[in-house]
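Open the model in your viewer and keep the selection tool at hand. This tour goes stop by stop, telling you what to select next and what is there.

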Amino acid sequence: MKYILSGSLGNINKPLTQKLVAAGHDVTVISSHEARKPEIEALGAKAAVGSVEDVAFLTETFKGADAVFELIPPPASAPEDWKARIRQIGKNFADAIKAAGVKKVVQLSSIGAHMPEGCGPVSGIHFAELELDALEGVDVIHLRPANFYTNLFAMIGLIKHAGILGNNYGADSPIVLVHPNDIAAVAAEELLSLSFTGKTIRYIASDERTSAQITAVLGAAIGKPELPYVEFTDEQNLEGIIGAGVPAELARNFVEMGTAIRSGEMFADYKKHKPALSPTKLEDFAKEFAAVYAGADSAVVA
């Protein structure tokens, strides 16, 4: 099989590439950086260097593929309208998939993508899903993973400098979590079988905890069992995120996503279609968190 993966070699694509190559398949990884080419080729894959803004490049890259794994990469710089940028990239992918004649697509979407508004960048992904759903004769599965464990690394600076963990939702707010390795495993399963038909959705989750429980587990792992969780107002959260160096447009979207967690709406559709939980539990990730925390010497860990 010939697979094209967008999104370079991140926390999902690297293990996914390794799985597909190990199974003996022809894998091409799209990256916007020439410098990533040796790393991609070292895994036994081919590198296609170009921009997801370039429909002609995507079309040429997709030609002859048995399936495409669509991952919309984060912006290299802050866009004026993050949601609109995601929607446009989603349209670029759909246009290229149609032009190249690809018949199978596995899209990395997100939990909360049922929300056309009110969920930060995830509401942009909602429209990227619709672009694929509009394609005739193309089978698409939208993978909707939960909140990444690895996003919690961004809290290390707050813990180190303020001695707290917090966000703009409550300590009792339920959070659905997933490890990138568990996402890669599901993506590999779907790509290797290509058994999905029509337009379908599959949720991926590893654990379900409250903010307070997450704080307790991570606090214990880093030797701070009394680590408190603090609920911020939206205004406090926005100020704090911008103060950490995040551009205002991105910060506003992160705060908006927090409001969707606070209301519970981000997880509303997930609750109707709950999957079996994947293997990696919060306590497993806490070991990774502790290792990164021990080595962190800056205010923000990306």
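Helices and strands here are DSSP runs, numbered from the N terminus; a helix has at least four residues and a strand at least two. The model is predicted.

**Stop 1: a loop residue**

Select Leu194. Leu194 sits in the loop that links helix 7 to strand 10. Check its backbone: phi is positive, about 50°, although Leu194 is not a glycine. Most residues other than glycine have a negative phi. Is Leu194 buried or exposed? Leu194 is buried, and its relative accessible area is 13%.

Now select Ser8. The loop between strand 1 and helix 1 (13-22) holds Ser8. Ser8 is not a glycine either, yet its phi is positive at about 55°. Ser8 is buried too, with a relative accessible area of 11%.

**Stop 2: the sheet**

Show the strands. Seven of them form an open sheet with parallel pairing. Read the order as 3-2-1-4-5-6-10. Which strands stand at the edges? They are strand 3 (46-49) and strand 10 (199-204). Each has a single partner strand, so one side of each is left without a neighbour in the sheet. Neighbouring strands are turned by 20° against each other on average, direction ignored.

Go to strand 2, residues 26-31. Four bridges join strand 2 to strand 3, and the two run parallel. Pick Thr28: opposite it, in strand 3, stands Lys46.

**Stop 3: strand 4**

Select residues 67-70, which make up strand 4. In a regular strand the side chains alternate between the two faces of the sheet. Here both faces are covered. Ala67 and Phe69 are buried on one side, and Val68 and Glu70 are buried on the other.

Add the partners of strand 4. Strand 1, residues 2-5, pairs with strand 4 in the parallel sense over three bridges. Strand 5, residues 104-108, also runs parallel to strand 4, joined to it by three bridges. Click on Phe69. Phe69 is the bridge partner of Leu5, and Phe69 also stands opposite Val106 in strand 5.

Next, trace the chain from strand 4 through helix 4 (residues 82-100) to strand 5. These three make a right-handed β-α-β unit.

**Stop 4: helices on the sheet**

Select helix 3, residues 55-62. Helix 3 lies across strand 1, strand 2, strand 3 and strand 4. Helix 3 runs at about 170° to strand 2. Then select helix 7, residues 180-193. Helix 7 packs on the sheet, touching strand 1, strand 4, strand 5, strand 6 (139-145) and strand 10. The direction of helix 7 makes about 150° with that of strand 10.

**Stop 5: helix 3 against helix 4**

Keep helix 3 and add helix 4. Their axes come within 8 Å and cross at roughly 45°. That makes helix 3 oblique to helix 4. The crossing is right-handed. Show side chains at the contact. Helix 3 brings Val55, Leu58, Thr59 and Phe62. Helix 4 meets them with residues including Asn92, Phe93, Ala96 and Ile97.

**Stop 6: Leu132**

From Ile97, jump to Leu132. The two are 35 residues apart in sequence and 8.8 Å apart in space, C-alpha to C-alpha. Leu132 is found in helix 5, residues 121-133. Leu132 is buried, with a relative accessible area of 0%. What does Leu132 touch, not counting residues up to four places away in sequence? Its contacts are Glu70, Ala94, Ile97, Val105, Gln107, Val140, His142 and Lys199.

**Stop 7: helix 8 and helix 12**

Select helix 8, residues 211-221, and helix 12, residues 282-295. They pack at an angle of about 50°, with axes 9 Å apart. The two are therefore oblique to each other. Helix 8 passes helix 12 in a right-handed crossing. Among the contact residues, look for Gln213, Ile214 and Val217 in helix 8 and for Phe285, Ala286 and Phe289 in helix 12.

Stay on helix 8. Which of its residues are buried? They are Ser211, Ile214, Thr215, Val217, Leu218 and Gly219. What covers them includes strand 8 (165-167), strand 9 (174-178), strand 11 (207-210), strand 12 (229-231) and helix 12.

End the tour at Gly223. This glycine follows helix 8, and its phi is positive, near 80°.

Technical notes:
Residues are numbered from 1 along each chain as its sequence is written. This is a predicted model: local features need pLDDT of at least 70, side-chain atom pairs count only at pLDDT 80 or more; totals for chains, interfaces and linings use all residues. Side-chain values use heavy atoms; hydrogens and water are left out. Buried means under 20% relative accessible area, exposed over 50%, partly exposed in between (1.4 Å probe, protein chains only). Two strands pair if DSSP finds at least two bridges between them. A crossover is right-handed if, with the strands pointing away from the viewer, the path from the first strand over the helix to the second runs clockwise. Axes are lines fitted to C-alpha atoms, for helices over the stretch in contact, and angles run from 0 to 180 degrees between N-to-C directions. Contact means heavy atoms within 4.5 Å. Angles under 35 degrees count as roughly parallel, over 145 as roughly antiparallel, 65 to 115 as roughly perpendicular and the rest as oblique. A crossing is left-handed if the near helix is turned anticlockwise from the far one by less than a right angle, and right-handed if clockwise.
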